[in-house]
Amino acid sequence: MARTLITGAQNTWCPGCGNFTLQHTLKNVLADRETEGKSLDDVVLVTGIGCHAKMADYLNINSVYTLHGRTIPVATGIKLANPDLTVICCAGDGDAYAEGLDHLIFAAKRNIDITLIVHNNQVYGLTTGQYTPTSPLGFKGKSTPSGTTEYPFNPVELMLASGATYIARGYTKKMPLLQTLIHDGIAHKGFAFIDVLQICATFFNMTDYYQSRVYELTGHDATDFEAACKKAREWDYNRDAPIALGRIYQRMLPTFDSHYPTRSITKEEREERITRLLKGSV
Amino acid sequence: MAKEVSVLIGGKAGDGINNAGAMIARMFSHLGYRVFMYYDYPSLIRGGHNFAIVRASEQPVAVHQNRADFILALDQETVDLHQSHCPGCTLVINSDRVKPVDGAPSVSLTALLTAEAAPSIMGNSAMLGAFAKTAGIPWEKVESVFFAHMPKAEQNLRVARRAYDLVQTVRVVEPLHRAALPLLTGNEAVGLGLVKGGLAAYVSYPMTPSSSILHFLAEQKDRFCLKVVHPENEIAVILMALGFAYAGTRTAVGTSGGGFCLMTEGLSFAGMAEFPVVIVMSQRTGPSTGLPTYSGQADLHFVRSAGQGEFARLIVAPADADEAYVWSKIAMDCAWEYQVPAFVLIDKMLSEGTYSFTRDTTDDETLADPLRKGIAMPYARYRDTPDGISPLAFPGTKGAIVKANSYAHDEDGITIEEAPVVLQMTHKRMRKEESLISGLDRYHPVNLLGVPDASTALLCWGSTRGACVEAAGRLGLRVVQPVVLSPFPERQVKEALAGVKRLIVVEENATGQLAAVARQYGIPSDARVLNYDGRSFTPDELYERIQEVMH
Ligand SMILES: Cc1ncc(C[n+]2csc(CCOP(=O)(O)OP(=O)(O)O)c2C)c(N)n1
Ligand SMILES: [Mg+2]
């Protein structure tokens with residue numbers, strides 16, 4: 001019997017929020033997985049804190065609703081503990097790019113086999129509208145009423161520099177592509193990073209801006225690092241430019257988790273080995 | 001009087017003083033002595049004065065004395081700094097770097113090394129050979145210790161033998177004809193206790209004095225099938241550990257004060273989400289970066305109250321390597337039995353001190369089974385139960401949806417804000433603390449030592465116990481040492497103090513933190529003996545200090 005994928009928790013996202021698209025996309029990806037005969041018991045969703053993170057309450061699967069910025073280390077521990085689990089993180093842009101930036105860079109550097117979906121609305125949603133590391137220069141938020149004086153950084157370029165092995169950009173108003181990207185990211189063996197341009201209907205509605213600039217990548221060789229860098233730099237999250245959507249870069253490398261032993265030790269073995277070690281310390 | 005001898009070996013950072021001290025400790029151990037070694041070094045890699053004091057006794061020892069019977073001086077500074085504290089001691093000197101001293105056995109390390117065409121790192125073997133002869137230690141003992149613990153033992157022994165033949169015996173250390181015991185540092189004992197408790201993963205970011213747990217377990221990872229991870233910072237450390245715990249892996253982290261500061265948000269998460277995790281917190285002198293390589297007991301309040309909100313935690317503070325082993329295992333078992341964070345609170349003195357280890361490690365206790373209650377479907381991670389402990393399942397369990405949450409949540413792990421559910425779940429977690437308090441009884445959370453019915457008592461915790469027990473022995477005092485510091489074993493401490501007329505609290509901080517905790521539980525103290533210069537109390541010092549406050 002197929003599992004009911006949505007919990008009974010009351011949904012509190014604003015009308016028009018891009019998180020609904022992400023929820024339905026994830027639901028579809030999970031349902032497909034079940035249809036393919038894979039168990040959902042082996043899937044763990046790890047979320048940060050923010051509007052995006054409510055996904056943990058709304059999807060009826062294993063989940064850890066963690067702390068602001070800390071999806072990645074928790075997900076890394078889960079994957080190392082049990083490599084048979086499929087671990088998916090939903091993080092915010094404040095979450096992954098500000099509070100937990102250190103973990104993001106290290107997840108890419110290590111190539112831990114988890115999937116990170118960044119709900120990038122270029123704003124702190126839950127705390128009612130402050131700038132994030134990807135807000136454009138001059139963004140007027142509650143903490144920067146005169147406009148920000150710092151440029152955004154480009155997370156796609158950052159991930160290329162840090163060694164991520166699957167890098168993609170999606171958009172919540174292009175759901176079929178988003179679904180493919182998330183599906184492929186989960187299927188990828190290694191650290192999969194998906195920056196999702198997510199509409200925040202209340203605090204920073206970028207719909208018009210995105211609609212006139214986004215395009216789907218065709219004929220792009222995602223195995224070509226130089227080509228990937230060029231595509232990543234086309235739009236810097238600040239100035240006007242075409243915004244590429246799709247898989248930007250992919251490469252296969254051994255994963256962090258594959259270097260750890262999966263064998264465990266019996267009680268008898270443990271005792272015998274402690275005794276042997278102590279003999280050597282006499 | 002029990003037979004006892006102390007040896008101080010000193011030189012510059014980079015001279016291998018720690019290893020040489022450990023070899024001396026092993027020689028005494030092979031003579032049948034119980035040993036303790038203190039290693040004193042500044043926080044730098046080269047230069048600066050290092051020394052180790054090895055104290056060997058017929059009785060168990062867990063602390064050094066500053067006066068030594070032998071001083072092995074690799075350099076002049078060792079003589080200048082220590083000789084005056086050690087009247088009547090026997091000097092053994094390295095004549096390359098120390099001015100001649102009348103009657104002192106003396107060897108030129110460079111000359112002996114040249115004679116054997118040996119590399120300079122073997123210089124300490126010459127010093128060890130010279131010492132062994134000076135102390136009348138039979139050559140076979142030197143040989144067996146070198147073969148067991150020295151790489152390239154043959155060549156090192158040839159160097160040692162030349163020195164052994166060169167000097168005369170001055171003061172004989174009598175053999176005790178008892179079997180040698182294993183020697184462990186406190187950190188190694190913690191590591192082994194955790195392994196005994198089922199440790200499968202250790203996550204840590206280097207910070208003195210906890211780092212050698214990381215090094216030890218990383219070295220032993222294949223032997224014990226451990227996943228050892230050194231992540232980007234302590235925030236990642238604690239959160240990775242919580243991820244491990246969520247997925248069912250017994251995990252510990254290790255750090256010192258500064259690193260633990262970064263872990264406090266994760267600690268509170270463990271409290272709320274009910275993740276079992278062991279945190280080894282080895283104190284050094286604070287505040288802030290403080291004295292990285294010196295000891296202290298100033299983090300008791302911090303560890304007792306760290307993290308926002310209120311939640312149960314276990315804190316155990318072992319006194320020596322034996323206790324570190326036993327209580328690290330108990331900490332792991334309790335963390336999983338009660339689904340709480342558990343601390344092993346130690347300090348530099350214990351972490352990096354070397355001890356004779358006397359525990360039987362083959363006792364056949366079974367590990368607490370976190371799944372013992374069986375899980376009912378539909379699974380609810382935070383099911384409300386009479387003892388507050390919810391049946392634990394891990395992701396991957398067929399048909400179980402395991403939802404852990406840092407927000408206030410209902411039994412299913414879904415975020416809630418309704419007042420009645422908030423209260424229900426808070427009460428559930430609080431009942432776990434009650435369960436923990438009664439569960440701890442079987443482990444004897446308080447030690448009663450010294451003269452048990454004396455009317456003056458010392459109250460102490462952690463590594464300070466060694467000096468307290470010795471000082472109390474000379475003064476005829478009672479010693480009460482709570483090993484468990486949270487939940488505070490109020491009843492057991494009060495029982496151990498029954499009939500006491502004068503209570504003296506001994507601890508290594510400036511404000512009397514254990515004294516303050518005891519006062520909260522209606523246990524007033526009459527005097528406090530405090531030390532906070534980073535150096536642990538020695539029995540002699542403590543004896544003097546206690547006498548000042550006896551009446
Ligand atoms: C340590 C910490 N600091 C601050 C907060 C408050 N906080 C909650 S969510 C949030 C920002 C959320 O922004 P983002 O990650 O972009 O998520 P969104 O709400 O936009 O989905 C902040 C600052 C917190 N929960 N924890
Ligand atoms: Mg955001």
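Guide: Welcome! Under 20% relative accessible area a residue is called buried, over 50% exposed, and in between partly exposed (1.4 Å probe, protein chains only). This is a predicted model, in which local features need pLDDT of at least 70 and side-chain atom pairs pLDDT 80 or more, while totals for chains, interfaces and linings use all residues. Residues are numbered from 1 along each chain as its sequence is written, chains are lettered from A and ligands numbered from 1 in written order, and side-chain values use heavy atoms, without hydrogens or water.

Visitor: Why is R67(B) called partly exposed?

Guide: Its relative accessibility is 42%, which lies between 20% and 50%, so the middle class applies.

Visitor: What makes R67(B) and D540(B) a salt bridge?

Guide: The rule asks for a side-chain nitrogen of Lys or Arg within 4 Å of a carboxyl oxygen of Asp or Glu. Here the closest N and O atoms are 2.9 Å apart, so the pair qualifies. R67(B) sits in the loop between β3 (49–57) and β4 (70–73) of chain B and D540(B) in helix α19 (539–548), so the bridge ties together parts 473 residues apart in sequence; helices (H or I, at least four residues) and strands (E, at least two) are DSSP runs, numbered from the N terminus.

Visitor: What makes E495(B) and R491(B) a salt bridge, and where do they lie?

Guide: Their closest N and O atoms are 3.1 Å apart, so they meet the rule too. Both belong to helix α17 (490–496) of chain B, four residues apart, about one turn of the helix. E495(B), at 49%, is partly exposed, and so is R491(B), at 44%.

Visitor: How do you know that R110(A) and E232(B) are bridged across the chains?

Guide: Their side chains come to 2.5 Å, N to O, so the cut-off is satisfied. The rule finds two salt bridges across this interface.

Visitor: What makes β2(A) and β15(B) a strand pair?

Guide: DSSP must find at least two bridges between two strands. These run parallel over three bridges, so they count as paired. One of the bridge partners in β15(B) is A404(B), matched with V64(A).

Visitor: How many residues make the contact between the chains?

Guide: Chain A gives 51 residues and chain B 61, where contact means heavy atoms within 4.5 Å. Together the chains bury about 4,600 Å², 61% of it on carbon and sulfur atoms; buried area is the accessible area (1.4 Å probe) lost when two parts are put together, summed over both. L67(A), L277(A) and V282(A) supply 14% of what chain A buries against chain B, more than any other three residues.
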